[in-house]
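Me: I am new to this structure and would like a careful look at a single part of it, namely how the helices pack against one another. Please take me through it slowly and explain the terms as they come up.

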Amino acid sequence: MKVSKKVQELAPSGIRAFFDLVLGMPDVISLGVGEPDFVTPWHIREKAIYSLEKGYTSYTSNKGMPELRKAIAHFLEKRYGLSYDPEEEILITVGVSEALDLAFRAILDPGDKILIPEPSYVSYGPVVDLAGGKPVYLKTHVDNGFKIAPRQLAETARKGALGLLLNYPANPTGASYTKSELQELANVCVKNDLMVVSDEIYDELTYDFDHTPLATLKGMKNRVVYLNGFSKAYAMTGFRLGWACGPAAVIAAMTKIHQYTMLCASITGQMAALEALKSGFKDVVEMKREYMRRRRFMVESLNELGMTCHNPEGAFYVFPSIQSTGLSSLDFAKKLLQKQRVALVPGVAFGPSAEGFVRMSYASAYENLKEAIVRIKNFLKDT
Amino acid sequence: MDEILEILAKDARISAEEIAKLTGKRAAQVKKTIKHYEDNGTIVQYKTVINHDLAKETNSFVRALIEVSITPQKDVGFDYVAERIYSFPEVVSCYLVSGTYDLLLMVEGDNIQTVSNFVASKLSPMENVKGTTTHFMLKKYKEDGQMLKKANNRKRLNISY
């Protein structure tokens, strides 16, 4: 059967074969996972079960349950002083992944350019591409903590771009931005009239300073589509639940696409999410403390092994350099897997600037991390 | 709670060096803090949570929860009576609680007979004990925050973005 040219031209993930290799290998210690190792807190799971028992198995409103939208509005107001109208400015989506797709389909006309800091999460470029836009990558460097510089953003924006896709704390580098760093970027956005799709799914996992949503900064609320969800903070990846907040016109446009393509997010997930917002914050704080400890352990252990590792400011990834081994990131990952059965994601999966680095997730039990470090040490000795 | 205590409460076997790495403190400092907690009695003991159902013990034993109503003593209140009761080695835990009774004990013995004898001959006859209610334990599901049933291994994909 025919496949569209657009999809045929979409660059396939270069490391699909490596993923298959990992998935086919038994007894692997995995640092390759992009989701929390915690199971969803019991009170949230119990609420989901209860909603099923009560027979909540129908569609919901396209935008998502009104109670959930209200709860999100209330939460954002309380947490960040960020106010959105639950009727007009909030949309419940099937994870941030769907929200990204909707946002770009809603704002892009053919050929519109979207600036994407790189290394970047794997779906960003393709999602922009599929929506008819043109991804333009902004290379970042370890010396700057993998952050984009305001001047770099300004120079690229001046060449013509519709918007910026910002993700902080970032997957895979863990890079994030302080309020003053964000303000500088925001000034550039205002000056160059850039829209911003801001993926802040890791916001609660910010370790060295308080997270600031981009939309809270002066002049930004009307140009930001703010994306977040329940996957990382509440360990609810499998529920597939996210949200988008933004100017009413953009949210209406996104809702239009969402109602035709998705109809609504699962009601069970929405019920669980409502419970998470009502009384899940204690779990978030506890998980964050545990992640912080693991981050310290990983950064220190890797640096001791000579794998230079900057201190990631958020998310649950460390992004050490493997340049001392002389191997490409893919070769490093393959050999480490074959010789020591430790899985991680080669940097090159996240863009050319990430070559020479690997992503290790510390969303794994401390015992596993310890064992992984021992194995990596053995591996480096033999390499 | 001090982060060092929080970590030790979950894993008593973790080394000071490891705690140092997890908390960003120096190992010598961690050792000193632990020693301080041991000396002043904050850290009472390092123990292991055992699932006795699986331990294949040759001599079986039983446990009972016992509610005890007592008359507090002038000047010394409940503490004096409690001490007389918890000093028996059969009493493995003892709590002063609010509600319809005063002390909640966990008592251990080789069999139902020995526990019954303890209640009948040691506990009930004490002059300040007004009454007791004994509940023999049938099964233990969770202890000190730890589920005793080994959790099924949850399947996450070994690699994802």
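**Helices packed together**

Reply: The crossing in which helix 3 of chain A passes helix 10 of chain A is right-handed (the near helix is turned clockwise from the far one by less than a right angle, whereas anticlockwise would be left-handed). This is a predicted model, in which local features need pLDDT of at least 70 and side-chain atom pairs count only at pLDDT 80 or more, while totals for chains, interfaces and linings use all residues. Residues are numbered from 1 along each chain as its sequence is written, and chains are lettered from A, with ligands numbered from 1, in the order in which they are written.

Helix 3 covers residues 42–53, and its axis comes within 8 Å of the axis of helix 10, the two crossing at roughly 140 degrees. Helix 3 of chain A is therefore oblique to helix 10 of chain A, since under 35 degrees counts as roughly parallel, over 145 as roughly antiparallel, 65 to 115 as roughly perpendicular and the rest as oblique. Helices (H or I, at least four residues) and strands (E, at least two) are DSSP runs numbered from the N terminus, and axes are lines fitted to C-alpha atoms, for helices over the stretch in contact, with angles from 0 to 180 degrees between N-to-C directions.

On the side of helix 3 of chain A, the contact is made by H43(A), I44(A), K47(A), A48(A), S51(A) and L52(A), and on the side of helix 10 of chain A by T268(A), M271(A), A272(A), E275(A), A276(A) and S279(A) (contact: C-beta atoms, placed from the backbone, within 7 Å). These residues divide into 6 nonpolar, 4 polar and 2 charged, where Ala, Val, Leu, Ile, Met, Phe, Trp, Tyr, Cys and Pro are nonpolar, Asp, Glu, Lys and Arg charged, and the others, Gly among them, polar.

Helix 10 of chain A (residues 267–279) also packs with helix 4 of chain A (residues 66–80), at an angle of about 30 degrees and with the axes 10 Å apart. Helix 4 of chain A and helix 10 of chain A are therefore roughly parallel to each other, and the crossing here is left-handed. From helix 4 of chain A the contact takes E67(A), L68(A), A71(A), I72(A) and F75(A), and from helix 10 of chain A it takes Q270(A), A273(A), L274(A), L277(A) and K278(A). Of the residues in this contact, 7 are nonpolar, 1 is polar and 2 are charged.

Between the two chains, 11 residues of chain B are in contact with 19 residues of chain A, and on the chain B side they comprise 4 nonpolar, 4 polar and 3 charged.

Some backbone details of the loops of chain A complete the picture. The peptide bond from E118(A) to P119(A) is cis, with omega near 10 degrees, and P119(A) sits in the loop between strand 3 (113–118) and helix 6 (124–130) of chain A. N171(A) and P172(A) are likewise joined by a cis peptide bond, with omega about 15 degrees, and P172(A) belongs to the loop between strand 5 (163–167) and helix 8 (179–191) of chain A. R240(A), which is not glycine, has a positive phi near 55 degrees and lies in the loop between strand 7 (224–229) and strand 8 (242–245) of chain A. Most residues other than glycine have a negative phi, and most peptide bonds are trans.
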